[in-house]
Amino acid sequence: MNKISELISLLGGTGFVAEKLNVLPSAISNWKKLNKIPRNKQEDILQLSSHLNVDIEKFLPIKKLHNVKVKILLIICGGIASYKSLEIIRLIKKTDIELDVVMTKSAQKFITPLLVTSLNERKCYTELFSVEDETKMNHIKLAREPDIILVAPASANIMAKLANGLADDLASTILLASMSKIILAPSMNPVMWNNLATRENYKKMLDRGIEFIEPDTGEMACGEKGTGRFPEPKLIFETILSYISKNQILTNQFKNISILITAGPTIENIDPVRFVSNKSSGKQGFEIASELTKRGAKVTLVTGPVNIPLPNCENVIQVTSAQEMLDNVTQQLPADIFICSAAVADWKLIPKTLSNKSFDVSNKIKKTNDTLLFETIKTPDILETVAKSNLRPKIVIGFAAETNKVKKNAYSKLLSKNIDLIIANDVSNNQVFGEDFNKVCLVDKNNCEEWEKQSKKSVAFHLANKINDLLTNYDQ
Ligand SMILES: Cc1cc2nc3c(=O)[nH]c(=O)nc-3n(C[C@H](O)[C@H](O)[C@H](O)COP(=O)(O)O)c2cc1C
């Protein structure tokens with residue numbers, strides 16, 4: 001019996017594994033015959049094995065799953081389960097993942113930095129105010145370098161600090177200064193876990209995109225029963241591996257795909273000091289640009305004037321007016337995908353006197369008692385121009401901010417402008433522009449998908465998945 005056949009049998013047999021992984025039993029038979037599990041199914045197998053008592057390392061070469069150097073920072077808090085983090089260190093050390101460890105003051109009451117240092121074979125960080133550490137590996141570097149920050153065990157205390165933005169020691173300062181994925185594995189007494197304060201902190205963090213490896217339910221070390229027990233270190237380790245695998249697959253998802261994105265508002269000047277614009281912050285478009293860049297796309301972002309940091313993508317072009325935006329967008333064609341998330345001002349205003357005389361708008365128009373009239377001139381429709389051009393990208397996606405009949409208006413826009421997908425949102429209650437959250441509805445020719453309210457980062461994540469589906473269907 002070869003290794004993969006043995007593994008399948010340990011996992012419950014061909015039929016069981018096929019059902020759990022939603023594949024045909026013939027596919028599993030094929031894996032057994034070839035003694036190989038396809039790369040895109042290895043993560044599912046890892047997940048399945050974590051629920052059963054199977055030593056996956058014997059069958060799947062975990063090192064091979066991670067040929068890219070991944071960096072993890074493990075933060076150990078003070079609790080009854082602190083010692084179990086040593087097993088997580090041991091498991092991570094078996095891979096080629098780079099690991100740094102930070103211990104809170106309380107954690108050091110349970111296990112020593114010396115023990116952690118000798119297991120991890122590198123310095124364990126404990127102090128925020130350390131001249132030596134600050135010169136070699138300052139706390140911001142510790143916060144920024146890792147791909148994942150794993151807090152295990154996470155105490156009720158660190159949850160409260162992170163949820164409320166406290167930074168009074170090395171661990172909490174790193175967490176606040178981090179832009180990495182944060183995963184918490186809490187462990188505490190069930191009453192602490194169920195305390196309303198902890199519940200609220202947990203919810204706050206979930207909403208901000210922090211992930212949790214949920215505590216187990218059962219008998220605690222203190223003898224009480226309930227939820228709060230530290231999950232098995234092996235399960236924590238495997239959850240981290242799954243996360244890494246998933247993200248490494250994603251980094252190549254849009255390789256060689258060029259994506260042109262517009263974001264932000266446009267500004268249509270009336271004279272040197274006055275203008276017409278709208279409240280778009282650019283946040284949603286920037287999140288999309290960043291997510292697609294992370295997944296390997298060649299992203300060009302053409303943005304109107306915004307007050308947020310520019311995202312990390314291949315090319316960013318900053319413009320002011322609708323005409324400038326259109327000129328720059330057309331210069332960037334051809335592209336595989338066009339996403340028009342900019343809120344382009346629909347009109348520019350030309351000031352006129354009552355007798356229809358134009359003003360010299362190169363100078364500030366003087367405030368007088370005369371009535372000032374405005375001629376409205378439509379700005380170019382960037383989305384429609386691109387969607388109907390000879391260089392039309394394979395996929396064209398538009399945004400529709402509406403205050404009424406949101407879906408109906410989005411659908412008409414989709415048909416009249418020749419667009420593949422419209423992301424519609426209701427801006428009637430002023431709760432989209434500038435906010436971190438968005439509630440959108442995806443309208444295409446056949447369907448209308450309502451998405452629940454979520455962060456703009458999360459909308460970007462799910463939209464990237466949707467675009468991947470569209471591309472797959474397009475190529476078939
Ligand atoms: C024996 C003992 C066991 C503890 N176990 C836990 C625990 O499992 N989970 C928890 O959240 N706090 C536990 N605590 C309380 C924390 O150690 C305390 O809240 C501390 O301030 C946490 O600090 P830290 O978050 O900086 O590590 C325990 C305290 C003691 C004395």
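Domain bounds come from an automatic or database domain assignment. In this predicted model, the assignment splits the chain into domain 1 (3–53), domain 2 (62–250) and domain 3 (258–475). If you place a centre in each of the first two domains using the C-alpha atoms, the centres of domain 1 and domain 2 end up 30 Å apart.

**The open sheet**

Let's look at a sheet of six strands. It is open, its pairing is parallel, and the strands follow the order β3-β2-β1-β4-β5-β6. At the edges sit β3 (124–125) and β6 (211–212), each with a partner on one side only. As background, strands of a sheet pair through backbone hydrogen bonds, either parallel or antiparallel.

Take one pair from this sheet: strand β4 (residues 148–154) and strand β5 (residues 181–186) run parallel and are joined by five bridges. To find a spot where they face each other, look for V151, which stands opposite L184 in β5.

Strand β4 has another feature to look for. P153 belongs to this strand, and the peptide bond between A152 and P153 is cis, with omega about -5 degrees.

**Helices across the strands**

Which strands does helix α8 (residues 113–120) lie across? They are β2 (98–103) and β3, and the helix runs at about 180 degrees to β2. Helix α12 (residues 170–177) lies across β1 (71–76), β2, β3, β4 and β5. Its angle to β2 is about 130 degrees.

**Around the ligand**

Now for the ligand, which has 15 residues around it. The ones that come nearest are C77, G79, T104, S106 and S155. What kinds of residue make up this shell: nonpolar, polar or charged? The split is eight nonpolar, seven polar and no charged.

Helix α11 (residues 156–164) gives the most to the shell, with three residues. This helix also has a buried side, so to speak: A156, I158, M159, K161, L162 and A163 are its buried residues. What do they pack against? Their partners are β4, α12, β5, α13 (190–194) and α14 (196–207). Right after α11 comes G165, with a positive phi near 75 degrees.

**Backbone angles worth a look**

A few residues have backbone angles you can pick out by eye. The second cis peptide bond described here joins L333 and P334, with omega about 5 degrees. P334 is found in the loop between α17 (322–332) and β14 (337–340).

Two asparagines have a positive phi as well. N256 has a phi near 65 degrees, a positive value in a residue other than glycine. N356 is not a glycine either, yet its phi is positive, at about 65 degrees. Here is where to find them:

| Residue | Phi | Loop |
|---|---|---|
| N256 | near 65 degrees | between α15 (233–250) and β9 (258–263) |
| N356 | about 65 degrees | between β15 (347–352) and β16 (373–378) |

Are these asparagines buried or exposed? A residue counts as exposed if 12 or fewer other C-beta atoms lie within 10 Å of its own. N256 is exposed because it has 9 other C-beta atoms within 10 Å. N356 has 8 other C-beta atoms within 10 Å, so it is exposed too.

Conventions
Residues numbered from 1 in each chain as written. Predicted model: local features only at pLDDT ≥ 70, side-chain atom pairs only at ≥ 80, totals over all residues. Pairing = 2+ DSSP bridges. Helix = DSSP H or I, 4+ residues; strand = E, 2+ residues; numbered from the N terminus. Contact = placed C-beta atoms within 7 Å. Axes fitted to C-alpha atoms, helices over the stretch in contact; angles between N-to-C directions. Near = placed C-beta within 6 Å. Nonpolar A, V, L, I, M, F, W, Y, C, P; charged D, E, K, R; others polar. Buried ≥ 20, exposed ≤ 12 C-beta atoms within 10 Å, placed from the backbone.
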